[in-house]
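This report describes selected features of a protein chain for a reader beginning the study of structure. The sequence and the model are shown below, and the description follows them.

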Amino acid sequence: MKNFFSLLSMHLLLCSSPLLAQSDGTLSGTVVDEKEQPVGFVNVAVLDASTAKVVTGAIADMDGSFQIKTPAAGNYQLKISALGYAETLTESFQVTGTGFSKDFGKVQVKGDVQTLSEVEVQTMRPTVTTHPDKMVVSVEGTAMASGSTAYEVLAKSPGVWIDQDGNLQLNGKAGVQVMLNGKRSFLSGKELQNLLQGMSAENIKDLELITNPSSKYDAEGASGIININLKKPQQAGMNGSVYGGYQYNNLSSYTAGTELSHKSGKWNSFGSLDFAQRMRYRDAEMDRVFMSEDGSKSTFDQTGYEEGERLQPSLRLGSDYDLNAQHSIGAMANLNLNSSENFFRTDSYLRNANAADDLFIHSLNSTEGTYGNGTVNLHYLGKLDTLGTTLSADLDYVHITSRDDASFRNNYIPLSTPSEQTQELLLSENPTSYDIYSAKVDFAKSLSKTTKLELGAKASHVTSDNELRFYETSDGRQIPDPNRSNHFIYKEDIYAAYANVSASLGEKWTLQGGLRAEQTESSGNSLTKKHKTDRSYLDLFPSVFVQQKVSYNYQIGYKYSRRINRPNYQNLNPFIFFLDPYTSAQGNPNLKPQYVNSFEVTQTLKQTYNLVLGYAVTQDFIAEVPTQNPEDNTTVFQQQNVKNLKSATATLVAPVRVSSKWEISNNLMTMYQEFTNMSGDDVVVNDQVTVIAQTNHNVMLPYGLRLEINGGYQSPAVYGLYKIDEQMWLDAGLKRDFLNDKLTMTLNVTDIFKGRVMNVEANLNGNINAIEQYHGARSVRLNLRYRFNKGTAFQSKKRNVNLDELNRTGGN
C-alpha cells in the first residue's frame, strides 16, 4: 500500500505541473445542445463574414469547449457543424487585432430539424454516429427497439458479438464492461444476461461503445465499455407512458410497463415499472470424439431441446434535489427480480470400440430459479465556480441473491441389452449472494482556457458467498453427497485513484493523457476443500488520446490504453458443476487476470465517414477450454489462461443518405485474431480473418409509416480454442404513430431466414467437441405504447455518475 500511494502522489504532482503558454488573443466558448448538455468533438470554423470562406478553426474537446487563435483584423462568423445537428452560424463580430479575445459563452446547436409554414419536417438522425472517443448507436424511437430487450439490441450493434455461452464481446474480444447511465451494472455472465434480457429496449435512449476508455474509468473491461443510456425526463409537470406487447417464436411471450416523471421546483423525480413473461427455447446438437492413446475411438452424440419461462418484474426509482444553483443531491434505486422454470431434455448415444458397451442415455434436467438484484445510489454534484470546477461523489450498495434448485433424471439403456436399463435421480441446491460496497469522488478543474485537470479516487469491497449442495436419492430419501457439494467464499477490496489532463496544443492538436492506479486485495476460501488463495497486486493503467485536425474535412485520432480483466468470482470457485452425466464445468482458483494493451487510429472524413484501425495484445487471455477424457468419455469445461491473443481490426462506418426519406447506416469490420496456447510441449495456434458486415435502413413511407430493415453477415471466426461457422440475419420492423403521436404501434419480424444458428468446434489432438444450437431468434412481435404529458421543457443538470465497479458476479 505504501508503494501504491507513493506512485500516486508522484503522478499527481507531475500532472499538476504548469502546462502550455497561451497565445495573446483567443476565440473561446462551449458548444451545447438544446438541453444545454455539452456537445463534444464538433467542428468550429471561423468564416470571413463577407465571403463565407473558412479562415481557421478547431475541434471542440469532449466537453464541448473550444479555443481558437484570433485571426487577423476583420469581420467574422463562427460556423458550428456536427453529424446529427443543424449547422449553426453566430452573428458576425469584428476582430480589431491579433490581441483581440472574445468568449462566446454557450453556443447552442439544435437537432437536425426544420420547420416550414408551421409544418415540422424532421430528417432522420443517423442510427450510428462515430465520435473520436466512442461510437453511439441510437435506439430511442426506432421500430426495432419496440418489444425488444436490451440484450437483443446490443447483439445487433456494430462490433458487438455474442459467443456460444451468450456472453458479450466487443470487436472480437471478451471482457466487456457494461454500464447503465455511466454506472457499472456490477454483473457479468448469466447474471448480466438476466438483467439485459429483462430490460425493455423501449427505455433506452442510445448505446455508447467505448473501445479505449480514459483513465477516469475503471481499468476493468479488457475489450472496452458499453454504456447504456436510459431515457431521462425532459419536461416539467407530470409525464409518462404505458406499453404492452406480444411475441411469438413458437412460444408466446408478453411484456408490459409504465414510466412516470415529475418535475416541480427544485425536485426532479422519475420511476419506471416493467414486467415481462418471456418464453424461450433452444435446439441443440452435440458431437464429441474421444481418441485414446492406443488409437481407439469412442463417440458421444447428443440431441437436446431446452425450454424455459421467465417472469421478470423490474422497478427503477430516482429523485434529484437542487440545494441551490451550484449544488444538488439525489438518490436512485433499481430492483430487478427473476423467477424461472427451465427443462432440458437430451438423448445421447455413447459408442465405444467394443459395441457391447454402447449406451443410450435419456435425460431430463429441470431447474427452478429465483434471482434478485437491488442497487441503491446516493450522489452529490457541486459546481464550485463559474470556470467549470466540479466536485461529485457517489455511494453505492448492491445486494444480489440467486438460488437454483435442479433435478437430474437419467435413464441408462445398454444398446446390447435394453432390458437392463437403470435410472438415476440427482438433486442440487445452489444459493448464491453478493454484497458490493463502493464509494468514489471525482474532481475537475480548468487550469486554463485550453487545459483541464481531472482527479478521482475510489474504494470498493465485495463479498461473494456461493454454495452448492448435491444430493443422491434412494428409496425416496435425499442423501447428501459431500463429494459433489461445495461452499466457496470470495472477498475482494480494490483501491483506485486517477489523474487525467486534457489540453489544446495550438489550432490543430488536442491531447488527453492519464494514469490510473489500482491496488487489489483478494481472498478465495473453499470451506469444503479447506483451501485458501490470497492475492495482492498493484497495477498502473496509462491512457493517451491525441486528436489531429489535418484540415476542416479530415481529422485523425490516436489512442492507447492498458486495461485488465479479473476472473469472474464463480470461475475462481474450484468445485464442479454438473451439466449432464458426462459433461461438467469446473472452476479454476489459479486463474490470473488478463491484461490488454490497445492501440487505435481513427480517421474522419467530411465529419461523416470513419475508418478505425486497431491492434491489441492480450496476455493470459481467459478462455473456455474443454478437456476430454477417453477413459470415461467425460468432458470438463474450464476457464483457463490461454497464453495470449493478438488481434487487428479495421472498421469502416459509412452512412449514406439516399434521400430525405431514406437513410442507410453501414458498418464493415475486418479482424484478424490469433489465439496461442500450450498443449503439453506443443504450441497451438488458432487464427482466422473474420468479416462482419451490418446495414441498417430507415425509410419514411407514405401514410406516416416508418420501415426499418437490419441485415448482417459474419464470416467464420475463432474464439479461444473454438472455430465458429458463419452466421447471417435479417430483421424488419414497421412503425406508425396515431392520436397526434401519442400512440405508437410497431410490428417486428426478427431473424427472418433463421440464419442465427451457431456452430462451434474445438479439435485438440483428435479430441473433437462440436456444438450446433439455435436459440429461437426468429419471432414476430406486436407492441403498443401510449404517451401522456403535461408540462414544458426544462433543463436537467448534468451529473458525473460514472461508477466503474466490479463486473464479475457471473458464472458459467
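## Strand pairing around β32

Phe-545 has Lys-559 in β32 as its bridge partner. The model in which this pairing appears is a predicted one. Strand β31, residues 531–551, runs antiparallel to β32, and 8 bridges join the two. Together β31 and β32 form a hairpin, with 2 residues between them.

Strand β32 also pairs with β35, again in the antiparallel sense, over 12 bridges. One of the partnerships here joins Ile-556 to Gln-603, which belongs to β35.

## Aromatic pairs

How many aromatic pairs does the count come to? The count comes to 16 aromatic pairs. Among them is the pair of Trp-267 and Tyr-321, whose ring centres are 4.7 Å apart and whose planes meet at 45 degrees, so that the pair is tilted. Trp-267 lies in strand β21 (residues 267–291) and Tyr-321 in strand β22 (residues 297–322), so this pair ties together parts that are 54 residues apart in sequence. Trp-267 has a relative accessibility of 47% and therefore counts as partly exposed. Tyr-321, with a relative accessible area of 24%, is partly exposed as well.

A further tilted pair is formed by Tyr-560 and Phe-599, with 5.0 Å from centre to centre and 35 degrees between the planes. Tyr-560 lies in strand β32 (residues 554–565) and Phe-599 in strand β35 (residues 594–605), so the pair ties together parts that are 39 residues apart in sequence. The strands that carry these two rings, β32 and β35, are also paired through their bridges. Phe-599 has a relative accessible area of 42%, which means that Phe-599 is partly exposed. Elsewhere, ring pairs link Tyr-76, Phe-93 and Phe-104 into a cluster.

## Charged groups over rings

Aromatic rings also take part in arrangements with charged side chains. The charged end of Arg-282 sits over the ring of Phe-344, at 4.8 Å from the ring centre. In a second case, the charged end of Lys-754 sits over the ring of Tyr-774, at 5.0 Å from its centre.

## The surroundings of Phe-575

Is Phe-575 buried or exposed? Its relative accessibility is 9%, and since buried means under 20%, Phe-575 counts as buried. Phe-575 is found in the loop between β32 and β33 (576–580).

Leaving aside residues up to four places away in sequence, Phe-575 touches Asn-483, Arg-484, Ser-485, Asn-486, Thr-528, Lys-529, Ala-585, Gln-586 and Gly-587. The C-alpha atom of Phe-575 is separated by 8.6 Å from that of Phe-488, although these residues are 87 residues apart along the chain.

## Nonpolar cores

The largest nonpolar core has 26 residues, of which Leu-154, Leu-168, Leu-196, Ile-204, Leu-207 and Ile-228 touch the most other members. Several elements each supply at least two residues of this core, including β12 (134–138), α2 (150–155), α3 (189–197), β17 (204–210) and β18 (224–230). Which element gives the most to this core? That element is α2, with 5 residues.

The contacts of Leu-154 illustrate how members of the chain meet. Not counting residues up to four places away in sequence, Leu-154 touches Val-160, Leu-168, Leu-196, Leu-207, Ile-226 and Ile-228. A second, separate core consists of 23 residues and includes Met-286, Phe-300, Ile-724 and Ile-771.

Key:
Residues are numbered from 1 along each chain as its sequence is written. This is a predicted model: local features need pLDDT of at least 70, side-chain atom pairs count only at pLDDT 80 or more; totals for chains, interfaces and linings use all residues. Side-chain values use heavy atoms; hydrogens and water are left out. Rings of Phe, Tyr and Trp (its six-membered ring) pair if their centres lie within 6.5 Å; planes under 30 degrees apart count as stacked, over 60 as edge-to-face and the rest as tilted. Helices (H or I, at least four residues) and strands (E, at least two) are DSSP runs, numbered from the N terminus. Buried means under 20% relative accessible area, exposed over 50%, partly exposed in between (1.4 Å probe, protein chains only). A charge sits over a ring if NZ of Lys or CZ of Arg is within 6 Å of the ring centre and within 35 degrees of the ring normal. Contact means heavy atoms within 4.5 Å. A nonpolar core is a set of buried Ala, Val, Leu, Ile, Met, Phe, Trp, Tyr and Cys residues joined through side-chain atoms within 4.5 Å. Two strands pair if DSSP finds at least two bridges between them.
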